[in-house]
Amino acid sequence: SKKQLMKGEITPVKILVSKAPAYASFSSNLRSDNLSSTDSELPVMQFSETKLTAGKYKGSNTITGKLKNIGQYKVSYPSVTGITFNGKKKMISIDNAYLNKKIIDFNETVEFNIMVYVANYENPKSFELSYEGTIVK
């Protein structure tokens, strides 16, 4: 997840637990004094042709698509995060990947591929995507 958030910005949080007991539920609250904020410009990019497909192995899935830089500056070290949901809109996996290209020029489109794994082998029914990167002026 991100180290800095713009006011009102939402980002997924990934928590890894080993040998966790079978909780019926888990909740957490983040307060603004626990997070840092930034007023620096964020990249402006757009997803297209996104698709979720089942992988060869049980529990493996792939999210593919294209990401276009529609801002006015180059973007360095772009990455994409994919979150999958079951039929009840419950999040069942989250994974991310850096794009093969380290800098995306203005108006350039780059393809991406994220492998997402669902531990309980549930079939994802929908997904959401987000991106990160640093503006290069």
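Two strands are treated as paired if DSSP finds at least two bridges between them. The model described here is predicted, and every value below is computed from it.

**Strand 5 and its partners**

Strand 5 spans residues 74-85. Of its 12 residues, 10 are buried, so strand 5 is largely enclosed by the rest of the structure. Its pairings with strands 9, 7 and 6 are listed below, each with one pair of residues that stand opposite one another.

| Partner of strand 5 | Sense | Bridges | Opposite residues |
|---|---|---|---|
| Strand 9 (residues 126-136) | antiparallel | 10 bridges | Ser-76 and Thr-134 |
| Strand 7 (residues 103-104) | antiparallel | 2 bridges | Val-75 and Ile-104 |
| Strand 6 (91-98) | antiparallel | 7 bridges | Gly-82 and Asp-95 |

Strands of a sheet pair through backbone hydrogen bonds, in either a parallel or an antiparallel sense. The connection from strand 5 to strand 6 is a hairpin with 5 residues between the two strands. In that turn, Lys-89 has a positive phi of about 65°.

**Asn-86 in the hairpin loop**

Asn-86 is located in the loop between strand 5 and strand 6. Is this residue, Asn-86, buried or exposed? Its relative accessible area is 7%, and since buried means under 20%, Asn-86 is classed as buried. The side chain of Asn-86 takes part in two kinds of polar interaction. It reaches the backbone nitrogen of Lys-90 at 2.9 Å, and it makes a polar contact with the side chain of Glu-122 at 2.7 Å. When neighbours within four places in sequence are set aside, Asn-86 is in contact with Ile-92, Glu-122, Asn-123 and Lys-125. The C-alpha atoms of Asn-86 and Phe-127 are separated by 8.9 Å, although these residues lie 41 residues apart along the chain.

**The open sheet 3-4-8**

An open sheet of 3 strands has the order 3-4-8, with antiparallel pairing. Strand 3 (45-54) and strand 8 occupy the edges, each with a single partner strand, so one side of each is left without a neighbour in the sheet. On average, neighbouring strands of this sheet are turned by 20° against each other, direction ignored. Strand 4 and strand 8 run antiparallel and are joined by 9 bridges.

Ser-60 belongs to strand 4 and stands opposite Tyr-117 in strand 8. With a relative accessibility of 5%, Ser-60 counts as buried. Its side chain reaches the backbone oxygen of Tyr-57 at 2.7 Å. Beyond residues up to four places away in sequence, Ser-60 touches Ala-54, Gly-55, Val-116 and Tyr-117.

**The nonpolar core**

The largest nonpolar core has 11 residues: Met-45, Ile-63, Leu-67, Val-75, Val-80, Leu-99, Ile-104, Val-110, Phe-112, Ile-114 and Val-116. Two or more of its residues come from each of strand 4 (60-69), strand 5 (74-85) and strand 8 (109-117). Strand 8 gives the most to this core, with 4 residues.

Several residues already named recur here. Val-75 and Ile-104, both members of the core, stand opposite one another in the pairing of strand 5 with strand 7. Val-116, also in the core, is among the residues touched by Ser-60. Val-110, a further core member, touches Gly-65, Lys-66, Leu-67, Leu-99, Lys-101 and Ile-104, not counting residues up to four places away in sequence.

Methods: Residues are numbered from 1 along each chain as its sequence is written. This is a predicted model: local features need pLDDT of at least 70, side-chain atom pairs count only at pLDDT 80 or more; totals for chains, interfaces and linings use all residues. Side-chain values use heavy atoms; hydrogens and water are left out. A nonpolar core is a set of buried Ala, Val, Leu, Ile, Met, Phe, Trp, Tyr and Cys residues joined through side-chain atoms within 4.5 Å. Buried means under 20% relative accessible area, exposed over 50%, partly exposed in between (1.4 Å probe, protein chains only). Contact means heavy atoms within 4.5 Å. A polar contact is a pair of N or O atoms within 3.5 Å; within protein, one must be able to donate a hydrogen and the other to accept it, and residues adjacent in sequence count only if both atoms are side-chain atoms. Axes are lines fitted to C-alpha atoms, for helices over the stretch in contact, and angles run from 0 to 180 degrees between N-to-C directions.
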